[in-house]
Amino acid sequence: MLYRNYQPFDVLQTLEAAARGTKEEVNFLELIAFLQARADSFKNILLDLLEGVFDQQPILLVLDDLEQHVLEELSEDRKEAEVKSEYQATLTAIIEAFDEADTESRLLLTSRYKFVLQNRYGDDVAARLKAINVPDMTETELKKHWLALQETAQREREEGEQDNRYLQRIYDAGKGNPGLQHLLFQPLLKGETVALDRALERIDDYRATQTEQSDLSVQSDLSVDDLDKYLQRIALEIYSRALSYTELQLLRLLTLFDFPVPEELLLQAGPKVGIADSVTALQRLDNFGLLNYWSEKGLKEHISCYGLAGKVVETLDREDRDFLAKICAPLLWRIWFKDFLKHVPETETLKEKH
């Protein structure tokens, strides 16, 4: 299974592990070297593997949670998401290889949204996939998800009745939707129960209003996905009110970027814009699930703003964007190229201050 890391090298590493113990030996180091020399060879490499080493021992390749890392945020006027540019070629090659190979092996992609993905001929390769609707999360599955989060966060405290009460309220509020439930888990996991209480109360009020309208045969215009986003936004607005002024400013600063940036950038830029304790501010943002953490190759210790979170803070105007960009650009340059700069004489490095 692939999660967070979906590039060709990651796929081949996963397939190498799956090929261990099979009768046919494959030199994956040679395949990786060939791929590095010929980036366009990825699809043919996959075809050869599927019809070769995995012919008698089929595999199931799972690419999990595409909406978190591979897909662009679904805009309000679209029903299908687009694939981020850096993943388009890879995902196209994977889908086409599995579609064209004479194999019993299967490909499984998990995503909350349908997506479109055009190949070089303009064909939507995503249309070749069969959509399977997965039932909403049950109470038992929600409980398992919560226990997994506790273990991941190394949360060292005994589960008590308070947790069980919150889990029931979260299940009732989320109606089995994993996106909303995950967002509601975050403050519970980090002890931010005051804001969580307020968010749950607001969502409960909205659910009650919808029930009354349903009894009166008044239909909502919101689709399931739209409703989930609306309820997430309710929670995020409550969370934003629990933040201090400087914490909100750090979140606004993060909305300047539509790509992951080093966490170090926020720590260095914070004091320059009046945020004395950027470490604590980042922790508070994390407490409410307002940050995305990246672990892909080249993006370790990088963060970005959780998509909907950027909509609950004051939008940066042009003057603010210019001011913050002038502060962040040289910092970002030095962070990304610090290893290179170690070997450059001080007199050559820079004029970036001038």
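Visitor: Why does Cys328 count as buried?

Guide: In this predicted model, Cys328 has a relative accessibility of 3%. Buried means under 20% relative accessible area, so Cys328 meets the criterion at 3%.

Visitor: What makes Cys305 buried or exposed?

Guide: The relative accessible area of Cys305 is 16%. Because the limit for buried is under 20%, Cys305 is classed as buried.

Visitor: How many disulfides does a search of the whole structure find?

Guide: The search finds zero disulfides. A disulfide would require a pair of cysteine sulfur atoms within 2.5 Å.

Visitor: Why is helix H8 described as largely enclosed by the rest of the structure?

Guide: Ten of the twelve residues of H8 are buried, so the helix is largely enclosed. Among these buried residues are Gly179, Leu183, Phe185, Pro187 and Leu189.

Visitor: How do you know that the span of H8 agrees with the expected value?

Guide: Helix H8 covers residues 178-189, and at 1.5 Å a residue its twelve residues should span 16 Å. The expected span is 1.5 Å times one less than the number of residues. The end C-alpha atoms are 16 Å apart, so the two values agree. After H8 comes Gly191, with a positive phi near 80°.

Visitor: What makes up the lining of the second largest pocket, by class?

Guide: The lining has seven nonpolar, four polar and five charged residues. This pocket holds about 470 Å³ of space. Of its 16 lining residues, those closest to the centre are Asp40, Lys43, Ala89, Ala93 and Glu96. Helix H3 (42-51) and helix H5 (85-100) each give two or more residues to the lining, and H5 supplies the largest share, five residues.

Key
Residues are numbered from 1 along each chain as its sequence is written. This is a predicted model: local features need pLDDT of at least 70, side-chain atom pairs count only at pLDDT 80 or more; totals for chains, interfaces and linings use all residues. Side-chain values use heavy atoms; hydrogens and water are left out. On a 1 Å grid over the protein atoms alone, a cavity is a set of points where a 1.4 Å probe fits but cannot get out, and a pocket is an open set with protein on both sides within 12 Å along at least five of seven lines; lining residues have an atom within 4 Å of a point. Grid points are joined across faces, edges and corners, and a volume is the space filled by probe spheres set on the points. Helices (H or I, at least four residues) and strands (E, at least two) are DSSP runs, numbered from the N terminus. Ala, Val, Leu, Ile, Met, Phe, Trp, Tyr, Cys and Pro count as nonpolar, Asp, Glu, Lys and Arg as charged, and the others, Gly among them, as polar. Buried means under 20% relative accessible area, exposed over 50%, partly exposed in between (1.4 Å probe, protein chains only).
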